[in-house]
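Work through the exercises below with the sequence and the structure at hand. Each task is followed by a solution in steps.

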Amino acid sequence: MQTRIRAATPLISSFPSFASPGTSGSVPRFRLAFLAFDCDNAAAWSNFSGVVDMDMGRTSGQEIRIERLRCEALHSPLGIDASKPRLSWELRCAERGQKQTAYQVLVASAAEMLAAGRGDLWDSGKVESGESVHVAYAGTGLKSRQQCWWKVRVWDRDSRVSDWSEPAYWEMGLLEPEDWRSAWIGLDPQHSPAGFPWLRKTFVIAKPSEARVYIASLGYHELYLNGEKVGEDVLSPAVTQFSHRALYLTHDVTRLLRPGTNCIAIWLGYGWYHWGRMGFSEIQRPGGPVVRAQLEIRGNRGEAVTIGTDRTWKAYPSPIERAEVPPYSWALTYDARGENPDWNRAECDDRDWFPAQECAIAVPRLRAQMVQVNKLARDFKAVSVEALDGATWRVDFGSNLTGWLQVRLPALNAGQKLRFDYYDRLLDEHGRPSGVSGFDEYVASGKGSETFRNRFNYQGFRYVRITGLPCAPAREDFSAFLIHPDYEAVGYFACSNARLTSIHDMVQYTFRCLTLGGYMVDCPHYERLGYGGDGHASLESALTMYDLGPLYRSWLAAWRDCQEPNGDLPHTAPSCRAGGGPYWGAFIVAAPWLAYRQYGDRAILEENYPAMRKWLEFVESHCRHGDLLEPWPNTVRRNWFLGDWATPEGIDQTHPPSVKLIVNCIRIYCYDLMVRIAAALGVVEDAKRYQTKAGELRSVVHQAFFDPATGTYADGDQLDLAFPLLTGVTPPALRPEIARQLDDDILVKHDGHLGVGLVGVPILVKTLMAMDRNDLIFTFVNQDTYPGWGYMLKNGATTTWEHWNGLRSHIHNCYNSIGAWFYQGLAGIQPDPDAPGFAHFVVRPTLVGDVTWAKASQRSPRGTIISDWVIREGRLKLTVGVPVGATATVCLPTGDPGSLTESNRPTSSAPGVICLRHEPGYAIIDVSSGTYVFEVNIKK
């Protein structure tokens, strides 16, 4: 049979999409599930199933399609500063065992040249390789502003060449310091102590052919050209450690220019740009936020004009008058009497405006923003408006969210003041609100109907209390906009147990509320800090559910910028004094490794490896008494020395023996990761050294914390038992007894509930999965009584909480680590650390409790992985989808391997099945790419 190969248009949708090649009466149709975001439904997410026909008999089903071309993991990015960008693409084909054996990449400086098949920047030629992820550009050296069109074709396993893919694009940013021909500017503080200035400049041009704006700000900015906002981004740029780097964005503004007089305008806001707040340690600043930008225009005849920020720009205070900073008070005052609808247009009379102030800003590095921008992702409508008294109203949006409020207001008197208080929860049935996490004030213009909308700030909320509004508002007057970076959802999960599905969906949606700004916060309303502990715990869940490679690379740059010369790290990045412990700093080790395992991106290991080594050296400098880590002193950038955190009531998370056991197990955990990281980077001596350290420390920790008299570790709590098991501290002879104690603690002492917190949840789950005790995980996840996720849902949660008892934040990142279990445990999709980027993976579904079916899909760098199982009449039916170029090991639980079939035939005659073997209780099958339907009698 001949296989025809062709290319397909790259997908740009935000969820997996599958073509349907047709049906065949004799060939089964396989149902593939994927996730779609429902912008019109009041629910946070909706589950959507698509049907893909895998017809092995049709020629169209055998085509290899090249899709989803990416540069530096981004879709057609503008203004990048990677000197050798990495290119990726996905392949799709219904034929089993298909793979790429070679590729050819063309990169051209013009679209017409690429269409003609000429790669003047790079023609890779035919490269014998199956790699389709992070293929480094190896052509002519790239210059600032270089435009690059590219496409790819591949050869399959039978050496047949495909058609070329549809073209994709990237553009280089400003690579050299001298490319910046502009100054940092702002408004002199004496004219605007509030620090939210308008900046503008008019200019005259002939007919332009092409134009770009490069813009960086310390604080947030909004860019306008001739009265129109440039781009869909809000709250830009992403966060950084201001003392070390600032980020710039690139915009194509060609369509917004016009022959004649034009106006470029910028509105600035503080963001994090405050004294003593996140990201400040050495930087000096003027009284308000500052910006550096330049508009570069090319004419039809090749002439170039650059308009950069300098003292010739005009500046004026905007209607935003005041900003309050934390702790726990995020607020802006907007005085609509100061509005000027023409402020960003050429026709504005700016004779009374002030000259912009040029500022000396010592930012060592100006870098392109290589993480997706924040966007308005969803519009929530109010579900109720309730009168509290004659001029006070409470609005309920039905779900927690992070973002902006918008209100249509009736005609008010000039100067009349309204206040908007934001809450994520109500304290009791009487509707008393929790402590205010943020507020805004609005001063009316008195010019008729008005609209209030947040700007240069965001809130985490479900409820809004409006004070000072004399007449009843209508529900239709209110909107709330969820804001998060423009990343894609890559995970879908559902199962027969409605509570488990709801917990998954709650966790998945919570991440949407925690990732604004290119990093992950603990909560979006109280502290808004990039805590290493919360980020560390939730790593696997977040990476499984969303495409977050660019986000973690950007956030890790802030961690490196925060590191002291002696290797010390704060507990948050960008830095701000906050509590935590060694697990918080260990983020610098765990995040690069897990991102590498997920995406196969070696660069994230290379960039962070020196910082990992320095931090571990710092940790070792505080080891005493037989190499055990002891509490280190507080500093101006961090305090506390935690083991676990946010545990259930009755668990003493501060008891020294337990804390010391946990922090020293964290060291072993990090050493074990460093063995893998050093090996992946080819640093053989380091790998040996860390392996030796881990082995020696295991013995030391066991001797120090195991009490032969009681037969347990430290306090004998769940984490004290699980962590020694996970890290190999417990000798083989003692493992059955420690495992028995852990079982007893969960089922008897805590009546089927967990007894751990932020640090303990991921460790406990990892330990039990390694022991094949998913039944215990199911038991405590499936509870609807305290403590647990079901308890949150029963009490009205739409996002996960900071504490099991519901005190304080109700939008938090403490317990979201459970999200990975739905994929790795119930659905059984498990990455292979020796084959990063899911070049190989394992599908090992878990049959537990009352779960009779589970569906999961996870988009990997090579394509979408499917695990879809159901139990009927004593047989397990498992549908597995393996992307082109990948392989998988499938483990089916059964006591009767002889009953195994694939697509109703013996596995011995099934194409793509490489080998079959048996382990106690399991049938093990190795498969190549394709879709497989296995059936087997389940074990008794």
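**Exercise 1. A sheet of seven strands**

In what order do the seven strands of the open sheet that includes β34 stand, and is the pairing parallel or antiparallel?

Solution. The model is a predicted one. Step one is to read across the sheet: the order is β34-β43-β44-β45-β51-β47-β48. Step two is the direction, and the pairing is antiparallel. Step three is to find the edges, which are β34 and β48 (905–906), each paired on one side only. Step four looks inside the sheet, where strand β45 (residues 875–882) and strand β51 (residues 930–937) are joined by eight bridges. Within this pair, K877 has E935 of β51 opposite.

**Exercise 2. A sheet of six strands**

Find the strands at the edges of the open sheet that contains β12, and state why one side of each lacks a neighbour.

Solution. Start with the order, β15-β14-β17-β12-β20-β23, in which the six strands pair antiparallel. The edges are β15 (228–229) and β23 (354–355); each has a single partner strand, so one side of each has no neighbour in the sheet. Next, take an inner pair. Strand β12 (residues 197–205) runs antiparallel to strand β17 (residues 260–269), and eight bridges join them. I205 has G260 in β17 as its bridge partner.

**Exercise 3. The chain as a whole**

Describe the protein chain by its secondary structure, burial, contacts and surface.

Solution. First, secondary structure: the chain has 16 helices and 51 strands. Second, burial: of its 940 residues, 63% are buried. Third, contacts: among those between residues at least 6 apart in sequence, 75% join residues at least 24 apart. Fourth, surface: about 33,300 Å² is exposed, and carbon and sulfur atoms supply 49% of this area.

**Exercise 4. Nonpolar cores**

Which residues have the most contacts inside the largest nonpolar core?

Solution. The largest nonpolar core has 223 residues, and within it F397 and W789 have the most contacts. Helix α9 (residues 656–681) gives this core its largest share, 16 residues. To see the surroundings of W789, set aside its neighbours within four places in sequence; its contacts then include I503, M506, L754, F780, W804 and Y815. Apart from the largest core lies another core of 26 residues, among them V230, L249, V253 and A315.

**Exercise 5. Salt bridges**

Locate the partners of three salt bridges in the chain, and decide for each partner whether it is buried, partly exposed or exposed.

Solution. As background, side chains of opposite charge can pair when their charged atoms come close. The whole structure holds 68 salt bridges.

- R70 and E488: their side chains meet at 3.3 Å, N to O. R70 belongs to strand β3 (residues 65–71) and E488 to the loop between β33 (478–485) and β34 (491–495), so the pair ties together parts 418 residues apart in sequence. Burial means under 20% relative accessible area. R70, with 9%, is buried, and E488, with 10%, is buried.
- R465 and D421: the N to O distance is 3.1 Å. R465 is in strand β32 (residues 459–467) and D421 in strand β29 (residues 417–423), so the pair ties together parts 44 residues apart in sequence. R465 is partly exposed at 24% relative accessibility, whereas D421 is buried at 1%.
- R676 and D834: the closest N and O atoms are 3.4 Å apart. R676 lies in helix α9 and D834 in the loop between β41 (829–831) and β42 (840–843), which places the partners 158 residues apart. R676 is partly exposed at 36%, and D834 is exposed at 63%.

A last step is to look for shared partners: R68, R70, E90, E488 and R859 are joined into one network of salt bridges.

**Exercise 6. Confidence**

Over which residues is the pLDDT below 50, and where else does it stay under 50?

Solution. Begin with the average: the chain has a mean pLDDT of 89, and 90% of the residues score at least 70. The pLDDT is below 50 over residues 1–60, a stretch that has 161 contacts in the model beyond near neighbours in sequence. It also stays under 50 over residues 281–286, where the model has 21 contacts beyond four places in sequence. Where pLDDT is low, the predicted coordinates should not be read in detail.

How values were computed. Residues are numbered from 1 along each chain as its sequence is written. This is a predicted model: local features need pLDDT of at least 70, side-chain atom pairs count only at pLDDT 80 or more; totals for chains, interfaces and linings use all residues. Side-chain values use heavy atoms; hydrogens and water are left out. Two strands pair if DSSP finds at least two bridges between them. Helices (H or I, at least four residues) and strands (E, at least two) are DSSP runs, numbered from the N terminus. Buried means under 20% relative accessible area, exposed over 50%, partly exposed in between (1.4 Å probe, protein chains only). Contact means heavy atoms within 4.5 Å. Accessible areas come from the Shrake-Rupley method with a 1.4 Å probe; for residues, only the protein chains shown count as cover. A nonpolar core is a set of buried Ala, Val, Leu, Ile, Met, Phe, Trp, Tyr and Cys residues joined through side-chain atoms within 4.5 Å. A salt bridge is a side-chain nitrogen of Lys or Arg within 4 Å of a carboxyl oxygen of Asp or Glu. pLDDT is the predictor's confidence in each residue, from 0 to 100.
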